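Morning, everyone. Let me put the structure up, and then I'll walk you through a few spots.

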Amino acid sequence: MRQSAPSVSRRAFLAASLAAAAIGPARAEEALRFGMAMPLSGGQATYGQDQVKAAEWAVAAINERGGVAGRKLEMIVLDTRADPQAGIQAANRLISVDKVPVFVSAWSAVVKAVAPVANDSRTVQLSVGANSAEIARLGDYTYTTFPLASVDITAVATYAAKQMGKKRAAVLYINNETGTVAAQIYRDVFAKSGGQVVAYEAYDPRASDWTGPLLKVRAAQPDIVHIQGLVADTPQVIAQMRQLGLTLPVSSYSAVYNPKLIEQLGKAAEGVIATSLAPGVTDSPAVAAYVERWKKEVGREPNGLPYTQYLYDAPYIVAEVYRSLIEKKIPLSGENFRKEMLAIRSFDLPLTGKLVINDDHTVNKPVFLMEVKGGRWVQKAVVE
């Protein structure tokens with residue numbers, strides 16, 4: 001499946017044409033390609049589609065400004081359904097058929113499944129949004145541009161114990177790559193911060209009823225519950241939790257920081273704490289303008305705003321590495337892309353700010369703790 005970039009205005013088209021004429025005509029085969037493997041169907045599609053749209057806007061903006069060294073940037077989009085096997089199929093096609101040296105992916109289970117394919121073919125996989133701490137240990141060709149659970153889960157667990165004064169935490173997590181590692185981090189950090197984890201319950205990714213683990217949570221009498229699930233199931237878990245009379249505070253991570261959670265839960269969302277790993281509309285004029293564009297063109301804010309910010313910025317990383325390779329007349333292979341990306345290391349990006357890729361395949365960012373108050377998300381604290 002290939003999605004073309006949005007059309008541009010006649011003026012922008014003429015400007016781009018003149019710029020291209022100044023350096024010589026560009027042939028179609030000279031487009032600089034990269035892949036985008038995201039869920040466009042299935043339970044996570046609402047979020048994957050918005051993330052792809054954000055990346056499309058960025059590609060269009062880059063091309064409207066003359067592209068990369070006068071060449072068009074082209075994004076090839078394939079559907080993973082947030083399913084590991086579908087992710088492997090998408091990666092194989094991007095590598096073998098489309099011949100891309102780099103592709104963007106997300107969702108921890110997909111990123112982990114695809115990593116051997118990237119390593120074997122020496123194709124760079126940029127994980128943009130997956131949070132499992134294991135992503136930093138998946139080999140030489142998988143890198144994250146998004147802070148992993150060791151960053152934001154550490155922050156929210158520490159804050160709960162030390163700033164909120166919580167002593168007894170329950171941890172409820174989905175039994176897959178997204179949940180297991182992050183749940184362990186929360187458990188260990190909360191305990192080191194002086195608290196006690198009184199319940200530690202997993203649930204099946206295919207579950208539609210969470211009564212069993214929630215009753216165990218209720219029996220443990222915690223004073224806060226941390227839920228580490230996916231964007232589709234976490235609101236349902238919170239709703240059932242409230243139905244069972246558990247009105248205590250709930251914390252989670254960046255997946256639940258979106259307006260859809262409040263739409264789905266109404267008053268049951270009050271007091272939910274989530275993390276955000278990107279500046280918001282009050283922190284950055286560029287982010288404010290970006291959100292306004294969503295409201296004007298789409299009629300709403302994006303689902304999972306911070307994730308879409310990182311996806312918007314991803315093509316700028318690809319473009320900068322390509323530009324450097326072209327200027328140095330280095331072949332555009334996956335191996336060379338990786339080397340040049342690490343040589344550049346630091347990127348100044350439009351919506352998420354400065355990104356530094358660390359030697360251990362991680363990135364660090366401030367953690368914005370957000371809380372639902374009065375039916376809207378408000379900033380609770382910033383943890384550097």
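Here's one to start: is Leu 325 buried or exposed? Keep in mind that this is a predicted model.

Leu 325 sits in helix α11, which covers residues 305-327. Its relative accessible area is 0%. Buried means under 20%, so Leu 325 is buried.

What does Leu 325 touch, leaving out residues up to four places away in sequence? The list is Ile 330, Leu 332, Asn 336, Phe 337 and Glu 340. Take Asn 336 from that list. It is eleven residues from Leu 325 along the chain, and the two C-alpha atoms are 7.9 Å apart.

Now the sheet. It is open, with five strands. Read across, the order is β2-β1-β3-β4-β5, and the pairing is parallel. Which strands stand at the edges? β2, residues 73-79, and β5, residues 142-144. Each has a single partner strand, so one side of each has no neighbour in the sheet. On average, neighbouring strands are turned by 25° against each other, ignoring direction.

Look at β1 and β3 next. β1 spans residues 32-38, and β3 spans 102-105. They run parallel, joined by three bridges. Ala 37 stands opposite Ser 105 in β3.

Two helices to point out on this sheet. Helix α2, residues 45-64, packs on it and touches β1 and β2. The direction of α2 makes about 165° with that of β2. Helix α12, residues 334-344, also packs on the sheet. α12 touches β3, β4 and β5, and its direction makes about 50° with that of β4.

That's my tour. Over to you.

Key. Residues are numbered from 1 along each chain as its sequence is written. This is a predicted model: local features need pLDDT of at least 70, side-chain atom pairs count only at pLDDT 80 or more; totals for chains, interfaces and linings use all residues. Side-chain values use heavy atoms; hydrogens and water are left out. Two strands pair if DSSP finds at least two bridges between them. Helices (H or I, at least four residues) and strands (E, at least two) are DSSP runs, numbered from the N terminus. Axes are lines fitted to C-alpha atoms, for helices over the stretch in contact, and angles run from 0 to 180 degrees between N-to-C directions. Contact means heavy atoms within 4.5 Å. Buried means under 20% relative accessible area, exposed over 50%, partly exposed in between (1.4 Å probe, protein chains only).
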